[in-house]
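Please look over the model shown here. How can the terms used to describe it be set against their definitions?

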Amino acid sequence: RAVQLVRRNHDPAFDINGIDLHDAQTFELLCRGDTTGVFQLESSGMRDLLTRLKPSEFEDAVAVVALYRPGPLESGMVDDFIKRKHGQVPVRYDLPQLKDILRETYGVIVYQEQVMQIAVVLAGYTPGEADILRRAMSKKITEVMAAEREKFMRGASERKVPEKKAAKVFDLMEKFAGYGFNKSHSAAYALIAFQTAYLKAHYPLEFMAALLTSEVNSTDGVVKYIAECRDRGITILPPDVNESEASFTVSGG
């Protein structure tokens with residue numbers, strides 16, 4: 001709906017799938033926590049996380065979706081992630097092989113896919129075996145875990161990984177796997193979140209009109225977003241038999 005309004009009022013060729021994922025205005029909006037109406041990023045807790053984290057690239061937006069859950073928040077993992085991003089805590093990798101896997105998350109294991117990649121790279125697991133390990137870790141299946149530890153240590157030893165470091169990495173994987181989120185799911189959510197944030201940053205009138213239309217059957221929703229419009233200095237005009245359409249539209253800027 002917002003895209004239709006943008007095409008009608010500004011650019012007939014506007015393509016939401018062609019927007020710049022490095023767009024500075026969108027990141028400024030995210031860093032301010034100005035995300036009322038933005039997919040997945042609307043709650044007060046999420047806005048607080050955004051203002052602390054200050055996302056500066058799309059990968060940060062993907063991580064935010066994965067991190068805003070009870071496990072990571074309660075374990076101190078989120079605070080650690082933020083401190084590492086802002087250089088308050090140095091980013092260290094126990095083994096050089098982990099750098100490529102964990103660089104985008106500042107050395108913190110955030111995604112289930114990272115657990116699987118570590119098992120493949122350090123211990124020679126096949127992707128299928130790594131998925132079994134991921135499942136056992138996330139569900140904390142004790143007997144499977146004992147067998148997996150043995151297998152991981154054996155595979156790491158064959159690849160000349162020092163025993164102490166291999167054991168430490170396995171413990172880390174085990175600790176984070178319970179909190180790990182599926183990255184492909186998180187990336188899809190983050191893309192829609194970024195697209196809605198982009199619309200809000202660049203086309204606030206069209207965005208708010210579409211948002212109000214989407215809430216038209218909820219009095220609470222309409223009241224909430226009309227208040228948001230007023231806070232932003234956007235005038236809400238009353239219904240007009242000569243001007244109005246069935247849904248909310250933008251009139252004369």
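The questions and answers below take up some descriptive terms and the values behind them.

Q: How do you know which features of this predicted model may be described locally, and how are its residues numbered?
A: The model is predicted, so local features need pLDDT of at least 70 and side-chain atom pairs count only at pLDDT 80 or more, while totals for chains, interfaces and linings use all residues. Residues are numbered from 1 along each chain as its sequence is written, and side-chain values use heavy atoms, with hydrogens and water left out.

Q: What makes up the secondary structure of the protein?
A: Taking helices as DSSP runs of H or I with at least four residues, and strands as runs of E with at least two, numbered from the N terminus, the protein has 14 helices and zero strands.

Q: Why is the protein called more spread out than a compact globule?
A: The globule rule is 2.2 Å times the number of residues to the power 0.38, and the radius of gyration is taken over C-alpha atoms. For 253 residues the rule gives 18 Å, and the radius of gyration of the protein is 23 Å, well over that value, so the protein is more spread out than a compact globule. Along the principal axes, its C-alpha atoms fill a box of roughly 80 × 35 × 35 Å.

Q: Why is Thr-105 called buried, whereas Ser-157 is called partly exposed?
A: Buried means under 20% relative accessible area, exposed means over 50%, and partly exposed lies in between (1.4 Å probe, protein chains only). Thr-105, in the loop between α7 and α8, has a relative accessible area of 0% and is therefore buried; Ser-157, in helix α10, has 47% and is therefore partly exposed.

Q: Which residues does Thr-105 touch?
A: With contact meaning heavy atoms within 4.5 Å, and not counting residues up to four places away in sequence, Thr-105 touches Phe-81, Val-110, Tyr-111 and Gln-114.

Q: How do you know what span is expected for helix α8?
A: The expected span is 1.5 Å times one less than the number of residues. Helix α8 (residues 112–123) has twelve residues and reaches 16 Å from its first C-alpha to its last, close to the 16 Å expected.

Q: What covers the buried residues of α8?
A: The buried residues of α8 include Gln-114, Ile-118 and Leu-122, and the cover includes α7, α9, α10 and α11. The C-alpha atoms of Leu-122 and Ser-157 are separated by 9.0 Å, although the two residues are 35 residues apart along the chain.
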